[in-house]
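Got your viewer open? Get ready to type some selections, and take the stops in order.

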Amino acid sequence: MNYYEVNFDGLVGPTHNYAGLSYGNVASKSNANKVSNPKQAALQGLEKMWHLVQLGLHQGVIAPNARPDLRTLRVCGFSGTDAEVISQAAKSQPQLLKACYSASSMWTANAATVSPSCDSADGKVHLTSANLNNKLHRAIEAPQTSQILKSIFNNNDYFSHHDALPQHPMFGDEGAANYTRLADSYGHQGLALFVYGEDAHTQVKPQLFPARQTRQASEAVARSHQLDPHNTLYIQQNPEVIDQGVFHNDVIAIGNENVFLFHEQAFYQQQKVIEQINSAYRGDRPLHLIEVKNADISVEDAVKSYIFNSQLVSLPSGGMAIIAPGECQTVGKVEQYLSALCQASNPISEVIYMDLKQSMQNGGGPACLRLRVTLSEQELNAVNQACLLDEHTYQRLTDWVNRHYRDRLSEDDLADPSLLTESQQALDELTQLLNLGTIYPFQQV
């Protein structure tokens, strides 16, 4: 049976703005309070999705969370009409209002961790929504994201959904941004790499920025997904690079099938990690562990360019391509390295640069925008087909964005109740385009 990796990208929501909410994310903080362009952001994301379809890959779409999150505002004591709730929060708790307006669900690498059926004991695809409990604006996403994922992967014969882990620091879970799967091919049992920033039983942790993923969370997800312990590794991220702005593993490492590209400072006790991976990997095709030296690309340049937050994809024609943010071309050493990488002895043969400036300025690159899901042909057919991108759906979504999205959004605009109305009207129509049903709270009143 054929297996495919399907990239399910997050559709950028109508309230995309630069609030600088993500402590530890250099780009997010440095662009705080700048004027954003939600329309351009959504169109840039769609263009990337469509480009992957044109490469012959399967591509899906994940709807955004509804924002502002009025439920959270009401739980925090604001009352009255929706417009009154927004007005009250804008005056007395503007930071809370910013959190409730955040369009951060666009970065679906954090939506969940997904294990394929060929790795799980019961032969099902397992999905665990991330609790994202390190940041308020993200911690409020899990319930709605779970509902959206259940509307996409809606066949219980093939898909098993798990609730987000308890909202406690011991179980901090940031989803697939800290999960990599190495395999001989998509349909063969893989080696699951869970990368964590902190273990509750040790003192090895960053000193400046928070470690968002815990070992305890990774272990809990692996148990729920019924993964074979012999094919599962728990690897600690280097706390020193977390303190340099590497808030997720996908900012310092990237893997696909039998290729794993990572910085030489990515992991704690890295030589031991390399030995563990080499020992645990099973496959007929050789494993390519590509360690990027600091002399070639510094951690600072890696964070600035988001080279490791590229997508590494297998091409139907053979070989692999890196889908890189255009920022990689502005950092000379990074572009030089990628060019040389394509000429070296490994499966990577092509680099494709994409303009994702709106997302990048908020701290998320190509890999942040997508959730990787390995599916058999039967499982792919069992997915909500309206959420799979083809030319017709691409054109309809592009038209939808052009009709509903603003091309300018500032901090002051968040106090405007009409933004709420516009957003709800847009998302109500989107649920019909993607055949999602009544997934949003405002549709269930």
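Here is a tour of some marked residues, two helix pairs and a few empty spaces. Before you start, keep in mind that this is a predicted model.

**Stop 1: the annotated residues**

Select E174, H248 and C368. The unreviewed UniProt entry puts the label "active site" on these three residues. How far apart are they in sequence, and what is the largest C-alpha distance? They are spread over 195 residues of sequence, yet they cluster in space, with a largest C-alpha distance of 11.2 Å. Now click on E174: you'll find it in the loop between β5 (159-162) and β6.

**Stop 2: the largest cavity**

Next, go looking for enclosed space. The model has seven cavities of 30 Å³ or more. The largest cavity holds about 310 Å³ of space. To find it, select E5, Y179, T180, R181 and R372, which lie nearest its centre among the 23 residues that line it. Then colour β6 (179-182), β9 (253-256) and β15 (370-376), the elements that each give two or more residues to this lining. What kinds of residues make up the lining of the largest cavity? By class, there are eleven nonpolar, six polar and six charged residues.

**Stop 3: the largest pocket**

Now for a pocket. The largest pocket has about 280 Å³ of space in it. Select D69, R71, I140, P143 and Q144: of the 14 lining residues, these are the closest to the pocket's centre. Show α3 (70-75), α6 (136-139) and α7 (142-152) as well, since each of these helices supplies at least two residues of the lining. Sorted by class, the lining of the largest pocket has seven nonpolar, four polar and three charged residues.

**Stop 4: two backbone details**

Stay with the backbone for a moment and select R67 and P68. The peptide bond that joins this pair is cis, with omega at about 5°. P68 sits in the loop between β2 (59-62) and α3.

Then jump to L132, in the loop between β4 (125-129) and α6. What is there to notice about phi of L132? It is near 50°, which is a positive value in a residue other than glycine.

**Stop 5: α4 against α5**

Select residues 82-92 for helix α4 and residues 94-101 for helix α5; their axes come within 6 Å and cross at roughly 130°. That crossing angle makes α4 oblique to α5. Turn on side chains to see who meets whom: I86, A89, A90, K91 and S92 on the α4 side, with P94, L97 and Y101 on the α5 side. Count this contact by class and you get six nonpolar residues, one polar and one charged.

**Stop 6: α15 against α16**

For the last stop, select residues 391-404 (helix α15) and residues 417-433 (helix α16). These two helices pack with their axes 10 Å apart, at an angle of about 170°. How do α15 and α16 run relative to each other, parallel or antiparallel? An angle over 145° counts as roughly antiparallel, so α15 and α16 are roughly antiparallel to each other.

Now show the side chains at the contact. From α15, pick R396, L397, W400, R403 and H404; from α16, pick Q425, A426, L427, E429, L430 and L433. Grouped by class, the residues of this contact are six nonpolar, two polar and three charged.

How values were computed
Residues are numbered from 1 along each chain as its sequence is written. This is a predicted model: local features need pLDDT of at least 70, side-chain atom pairs count only at pLDDT 80 or more; totals for chains, interfaces and linings use all residues. Side-chain values use heavy atoms; hydrogens and water are left out. On a 1 Å grid over the protein atoms alone, a cavity is a set of points where a 1.4 Å probe fits but cannot get out, and a pocket is an open set with protein on both sides within 12 Å along at least five of seven lines; lining residues have an atom within 4 Å of a point. Grid points are joined across faces, edges and corners, and a volume is the space filled by probe spheres set on the points. Helices (H or I, at least four residues) and strands (E, at least two) are DSSP runs, numbered from the N terminus. Ala, Val, Leu, Ile, Met, Phe, Trp, Tyr, Cys and Pro count as nonpolar, Asp, Glu, Lys and Arg as charged, and the others, Gly among them, as polar. Axes are lines fitted to C-alpha atoms, for helices over the stretch in contact, and angles run from 0 to 180 degrees between N-to-C directions. Angles under 35 degrees count as roughly parallel, over 145 as roughly antiparallel, 65 to 115 as roughly perpendicular and the rest as oblique. Contact means heavy atoms within 4.5 Å. UniProt positions are given in the numbering used here, feature names are shortened, and annotations may be inferred rather than shown by experiment.
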